[in-house]
Amino acid sequence: MSAEDGLKKVISHAKEYGFVFPSSEIYDGLSAAYDYGQLGSELKNNLKQYWWTAMVRMNDNIVGIDAAIFMHPTTWKASGHVDAFNDPLIDNKNSKKRYRADVLIEEFIGKIESKINKDVAKGKKRFGDDFNEEEFRSTNPNVLRRQQKIDGINAKFKAAMDADDLAAVKALIEELEIACPISGSKNWTDVRQFNLMFKTELGAVSGDSGVVYLRPETAQGIFVNYLNVQKSGRMKLPFGIAQIGKAFRNEIIARQFIFRMREFEQMEMQFFVKPGTQEEWYNHWKEARKSWHASLGMGDENYRFHDHIKLAHYADAACDIEFNFPMGFKELEGIHSRTDFDLKSHEEHSGKKLRFFDPESKESFIPYVVETSIGLDRLFLAVLSNAYTEETLDSGATRTVLSIPPAIAPIKAAVLPLIKKDGLPEKAKEILDLLRINHNVQYDEKDAIGRRYRRQDAIGTPLCITVDHDSLNDNAVTVRERDGMTQERVAIADLASYVDSKVGMHTLFNK
Ligand code: GAP
């Protein structure tokens, strides 16, 4: 399946089963805006809960807040977003399509990387078990030549961006002979900077004095509350403040479904540390976040770290955790060592001291910050695309199954009476009431049992609980497991703890 087909299938499955709908679809939708449906919102809530539990509840020194989306406009001057939150854009004169210049260059590099991967795959095939990938990558002349080319492009691009030299960025696009994917032409405009913040006006005030922005990141709501939380919670360094909330960016090209949207949700945590310890905490959070992802069980090979070449204005170190989406490896989460940039700048702009007084050393200083920032919608797409599987069964029949990690599946179990009579529905509903206190469970009595299993497979329900005639006598039910389709008989008296042991959120923390 090509990457494009893979993503298309996920999008259409998401719509058909109530995970994600195009926004305001009856009016033909709005570009890059999506609504989460009845199952999508359950999945999204479970992802939030898993993140919040791992970050806030499991760490004594991390607390959570919920700040307003609108903030004083000076916030964005202080944070650097008014002056520097720009994307370099370029238009193709023939197709009239607009692109991000950096993305055109990244995609060009991506093509060279896939040639390297093909070289590696060929080497693997040729040398079999004797193949040493590390050695191959560091000695094979083709790989070395291609890697040298990538390094050269990256160096030129970094130099141009660091110097804010947009003419040099255009020259690089021309030198690489990058063509517009739509028109095939290399007829480009100059590169210009485009600010990504959405502006609106507060109340009845119009003109510049009333301008407010929709926040482009949740992080600033945390920085401006640093002192409130530190004092009211009597927090000692190191400590963290976490938040989940909407962010807005007027992306030049918003595409690839929910991967890049103009309205999206972030789950961010700012960890305030003593200056000088930021490197240690940066490494700590890199590992902690990697383990968090690994516990979802979506395959370690589907994640990789990508160190930033061009650091943002606030960072002294930064990397992305990339995930293998249907479109290839792309950023899922960012981990940034933000120095004292934000608090220092808010101090300067607000005139309020944003310091920590260390009772031991009797010193007062501005803490440094290590941030973890994950896009909830991207995590949702990672889970959904990784889960989507089309299988051919031994019988020759096919089934579509969403192998969502059980603890975050929207529906944890379906309770199914084998037939719609003989007291089986009543027994099934008793079981439903028993389970629904702790988990989101569903009752379904329509159609033959096989069809009901398929429906539950398609929405990722990990367990199907079938009530049959024997259940009325032996007080037991058949539990079918989604992925292996194995079945086992479980006493109704043990069912609540059985289901919890398979799908409870705690199962993720035991890994
Ligand atoms: N506070 C730091 C910050 O916002 P970022 O790398 O710009 O850093 C963090 O964004 C995460 O937010 C990204 O890793 C990504 O998952 C998500 N994100 C950013 N822009 C997005 C967009 N337009 N649509 C969906 N998710 C986005």
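Me: Which strands each supply at least two residues of the shell around the ligand?

Reply: Strand 10, strand 13 (328-339) and strand 16 (368-375) each do so. Strands are DSSP runs of E of at least two residues, helices are runs of H or I of at least four, and both are numbered from the N terminus. This is a predicted model, in which local features need pLDDT of at least 70 and side-chain atom pairs count only at pLDDT 80 or more, while totals for chains, interfaces and linings use all residues. Residues are numbered from 1 along each chain as its sequence is written, and side-chain values use heavy atoms, with hydrogens and water left out.

Me: Which strand gives the largest share of the shell around the ligand, and how do the residues of the shell divide?

Reply: Strand 13 gives the largest share, six residues. The shell divides into five nonpolar, five polar and 10 charged residues. Here Ala, Val, Leu, Ile, Met, Phe, Trp, Tyr, Cys and Pro count as nonpolar, Asp, Glu, Lys and Arg as charged, and the others, Gly among them, as polar.

Me: Which of the 20 residues around the ligand come nearest?

Reply: Glu217, Glu251, Met261, Glu268 and Glu331 come nearest. A residue is near a molecule or strand if one of its heavy atoms lies within 4 Å of it.

Me: What makes the approach of Leu332 to the ligand a polar contact?

Reply: A polar contact is a pair of N or O atoms within 3.5 Å; within protein, one must be able to donate a hydrogen and the other to accept it, and residues adjacent in sequence count only if both atoms are side-chain atoms. A backbone N or O atom of Leu332 lies 2.8 Å from an oxygen atom of the ligand, and therefore the pair qualifies. A polar side-chain atom of Glu371 lies 2.9 Å from a nitrogen atom of the ligand. The protein covers 93% of the 560 Å² of accessible area that the ligand has on its own, as given by the Shrake-Rupley method with a 1.4 Å probe, where for residues only the protein chains shown count as cover.

Me: Why is the pair of Glu263 and Lys246 called a salt bridge?

Reply: The term requires a side-chain nitrogen of Lys or Arg within 4 Å of a carboxyl oxygen of Asp or Glu. The closest N and O atoms of Glu263 and Lys246 are 2.7 Å apart, so the pair meets the condition. Glu263 in strand 10 (residues 263-273) and Lys246 in strand 9 (residues 239-248) are 17 residues apart, and the pair links distant parts of the chain. The structure holds 36 salt bridges.

Me: What makes Arg399 buried and Glu391 partly exposed?

Reply: Buried means under 20% relative accessible area, exposed over 50%, and partly exposed in between (1.4 Å probe, protein chains only). Arg399 has 2% relative accessibility and therefore counts as buried, whereas Glu391 has 25% and so is partly exposed. Their side chains meet in a salt bridge (2.8 Å, N to O). Salt bridges that share partners join Glu391, Arg399, Arg454, Asp457 and Arg480 into one network.

Me: Why does Lys96 count as exposed?

Reply: Its relative accessibility is 67%, so Lys96 falls in the exposed class. Lys96 lies in the loop between strand 4 (86-91) and strand 5 (98-100). Phi of Lys96 is near 60°, a positive value in a residue other than glycine.
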